[in-house]
Amino acid sequence: MVIELVEMTVKDGFEPFDKLRDCFNHPLINGISREQLIMEIVKPVLELIGSLGFLLYGMKLMSDGVQKSAGERLQRALSVMTGNRFISLLTGLFVTMIIQSSGATTVMVVTFVNAGLMTLTQSVGVVFGANIGTTITAWIVSIFGFNFNISQFAIPVFGAGYFLTIIKKGRYKNWAEAIMGFGMLFLGLSGLSDVFNPQQLGWLFNIHGTGFTAIFLGFIIGIIITALLHSSSAFSAIVITMAFNNLISWELAAAMTLGSNIGSTIDAILASLGTSADARRSALIHVLFNVLGTTVALIFFSSFLDLVIMLTPGHANSNIAIRISVLHTVFKVLSTLLLLPMQKYLVLFSQKIIRDDPKDKPKTYKLEFTELISKDSVTTHIIQVEKAISDMTDIVTDMFDKIQLGITKRNIDYIETYQESCAASEDYCDQMHEQITHYLIKCQKLQITEKQLNHISCMIQIVDELENMSDNCYATVMLIFRSIDKKMKFAQEDMERLLPYIELVRQFLQFIRININKQLSPEKLELATELEDGIDAFRKDLKKVARKRLENGADVKAELLYIDLVRRIENIGDNCFSISESLTNRV
């Protein structure tokens with residue numbers, strides 16, 4: 001009834017709300033009850049909200065299931081990217097096609113650049129590849145969504161996925177969730193297809209404007225809705241459904257699709273807040289890629305659409321759903337071909353816009369936990385923490401090196417050179433311990449597997465041992481400072497006995513440094529046990545010799561400090577062995 005009234009009052013035009021207003025002002029409205037009119041309007045709107053919910057949650061469930069199953073391997077491959085721009089591009093393309101979210105890939109890239117796992121130059125190729133990879137969802141929708149009754153297909157798929165979670169728990173559970181998400185995605189598409197037809201929401205969405213105003217408004221709508229949904233793929237599915245049901249024109253669908261490319265940058269922007277300069281530059285390059293490519297496409301809008309029609313099988317008579325998917329892919333590929341040779345200049349431009357971080361090392365340590373809608377990936381967080389733990393190990397190793405230097409160079413210059421820096425390093429390790437632990441506790445509150453929970457628990461223990469090790473290193477250096485300040489005398493041979501002892505602990509610390517983020521094999525644990533036993537035996541011999549010197553009348557304060565030095569250094573070895581055990585228990 002509403003449709004008939006609209007057709008009688010408005011023959012052509014763009015503004016949907018003008019149609020609704022005219023509808024309510026029409027004389028025939030008196031023949032319809034208010035309740036009937038409200039239901040005729042509200043019912044399809046509620047169905048639209050429900051269908052959109054199925055679509056978005058299905059995409060999230062599918063993406064999360066894939067990431068839980070294969071995402072860790074994909075993300076670790078992403079974090080060790082080489083500098084070759086084409087390999088970077090292909091990796092970004094492949095990862096995004098698998099997890100079906102360019103936003104998730106870009107957030108990973110920003111996180112890895114911030115953690116120092118990826119350079120700014122490496123990130124550019126990955127960002128370009130991710131933008132091409134995100135077109136896969138549009139192709140899935142256009143190929144499978146409208147060629148048969150997808151509701152009959154979606155429900156059995158969802159049911160099969162659910163029963164698979166019951167029957168095949170373990171490694172198949174996450175894939176089963178991905179299958180359930182796949183079914184929900186098509187169930188949402190089926191609902192959208194039913195809603196977006198002239199008998200339901202035609203009075204609101206029957207928009208066929210082709211002028212500048214219509215195109216510009218469609219472009220803005222694409223930006224806003226995609227930013228709100230945090231998913232260009234979901235918005236592309238909506239646009240394809242509306243166009244397939246002839247509710248929007250081909251030109252308007254193209255404008256909305258181009259706008260969605262700019263709206264999709266919201267995740268990278270949010271992920272870059274509070275990060276390093278290079279991480280913010282990586283997000284900026286992502287924005288530039290979409291803005292520059294969209295600007296060129298809008299300038300040559302008619303020619304661009306002609307090219308897409310020419311490349312689409314069937315040309316002007318082609319399936320409009322397929323045509324929109326071709327448009328999406330052609331736009332991304334042409335933007336990449338245009339901007340990939342300009343990679344160097346994009347990096348230089350981003351460096352001009354965003355200033356370098358202060359060169360002085362910050363006195364405070366901050367590890368920000370970025371939490372974004374539908375983009376949380378435990379593996380991304382874990383990789384970032386592993387880099388932080390590696391950095392903490394480097395700091396502790398540097399502190400230990402000052403012990404060996406102090407034993408061989410016991411003079412006032414040693415105190416003046418290292419007293420302040422040692423105190424700053426110990427304080428910095430305390431801050432890292434606190435920040436990393438809090439970060440890992442937040443990770444435990446996310447949806448994690450038993451394997452990830454075990455990994456996180458092991459990392460908490462390792463960070464705790466590293467902090468204890470920094471305390472022992474600082475305490476040992478302070479003992480050396482005190483011996484120099486009090487002008488304590490030690491026999492040259494006694495100090496020389498300490499050097500092989502310290503060297504053995506240093507070897508153990510280097511062993512930990514090399515294997516800090518790896519699972520130790522039984523053979524490596526056996527090596528760690530041998531190092532621990534060797535340190536314990538050395539410590540007993542040194543303490544025995546010190547006690548004999550005390551019995552023979554040596555200076556009590558000097559010998560007690562010597563014994564304390566031996567004990568503190570042995571504690572560092574104990575810390576190393578505890579970390580070795582944690583690395584062995586890591587699954």
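**Note on side-chain contacts**

At 11% relative accessibility, Lys-402 counts as buried. That is the starting point for this note on a predicted model. The points below go through salt bridges, aromatic contacts, a surface patch and the cysteines.

1. **The partner of Lys-402.** Lys-402 is joined to Asp-398 by a salt bridge, with 2.7 Å between the closest N and O atoms. Asp-398 is partly exposed, at 37% relative accessibility. The bridge therefore pairs a buried lysine with a partly exposed aspartate. Both residues belong to helix H19 and stand 4 residues apart, about one turn of the helix.

2. **A network of salt bridges.** Bridges with shared partners connect Asp-278, Arg-281 and Asp-356 into one network. Within it, the side chains of Asp-278 and Arg-281 meet at 2.8 Å, N to O. Asp-278 and Arg-281 are both in helix H15 (residues 277-299). Their separation is 3 residues, about one turn of the helix. Which of the two counts as buried, Asp-278 or Arg-281? Arg-281 does, with 2% relative accessibility. Asp-278 has 29% and counts as partly exposed.

3. **Another bridge in helix H19.** Lys-387 and Asp-391 form a salt bridge, their closest N and O atoms 2.9 Å apart. Helix H19 (residues 378-408) holds both residues. They are 4 residues apart, about one turn of the helix. Asp-391 is partly exposed, at 28% relative accessibility. Across the whole structure, the search finds 9 salt bridges.

4. **Phe-304 and Phe-331.** The structure contains 7 aromatic pairs. In one of them, the ring centres of Phe-304 and Phe-331 are 6.5 Å apart. Why is this pair edge-to-face? The planes meet at 75°, and an angle over 60 degrees counts as edge-to-face. The pair links distant parts of the chain, 27 residues apart. Phe-304 is in helix H16 (residues 301-311), and Phe-331 is in helix H17 (residues 320-339). Both rings belong to buried residues: Phe-304 has a relative accessible area of 8%, and Phe-331 is at 2%.

5. **Tyr-501 and Phe-538.** The ring centres of Tyr-501 and Phe-538 lie 5.6 Å apart. The planes are at 45°, so this pair is tilted. Tyr-501 is in helix H22 (residues 492-515) and Phe-538 is in helix H23 (residues 522-551), so the contact ties together parts 37 residues apart in sequence. Are the two residues buried or partly exposed? Tyr-501 is buried, with a relative accessible area of 0%. Phe-538 is partly exposed, at 27%.

6. **An aromatic cluster.** Tyr-414, Tyr-418 and Phe-481 make up one aromatic cluster.

7. **Charges over rings.** Two arginines are worth checking on screen. Arg-323 places its charged end over the ring of Trp-250, 5.0 Å from the ring centre. Arg-549 does so over the ring of Tyr-562, with 4.7 Å to the centre.

8. **A nonpolar surface patch.** Which residues make the nonpolar surface patch of about 330 Å²? They are Val-42, Val-45, Leu-46 and Ile-49. Val-42 is located in helix H3 (residues 34-79). Its relative accessibility is 34%, so Val-42 counts as partly exposed.

9. **Cysteines without disulfides.** How many disulfides does a search of the whole structure find? It finds 0. Take Cys-473: the closest cysteine sulfur, in Cys-429, is 8.5 Å from its own, too far for a bond. For Cys-576, the closest cysteine sulfur is in Cys-473, at 8.5 Å, and that is also too far for a bond. The cut-off for a disulfide is 2.5 Å between the sulfur atoms. Cys-473 is buried, at 0% relative accessibility. Cys-576 is buried as well, with a relative accessible area of 0%.

Note on methods
Residues numbered from 1 in each chain as written. Predicted model: local features only at pLDDT ≥ 70, side-chain atom pairs only at ≥ 80, totals over all residues. Heavy atoms only, no water. Phe/Tyr/Trp six-rings, centres within 6.5 Å; stacked < 30°, edge-to-face > 60°. Helix = DSSP H or I, 4+ residues; strand = E, 2+ residues; numbered from the N terminus. Buried < 20%, exposed > 50% of the residue type's maximum accessible area, 1.4 Å probe, protein only. Lys NZ or Arg CZ within 6 Å of the ring centre and 35° of its normal. Patch = residues over 30% accessible without salt bridge, like charges linked within 9 Å, V, L, I, M, F, W, Y side chains within 5 Å. Areas by Shrake-Rupley, 256 points an atom, 1.4 Å probe, with all protein chains shown as cover. Salt bridge = Lys/Arg side-chain N within 4 Å of Asp/Glu carboxyl O.
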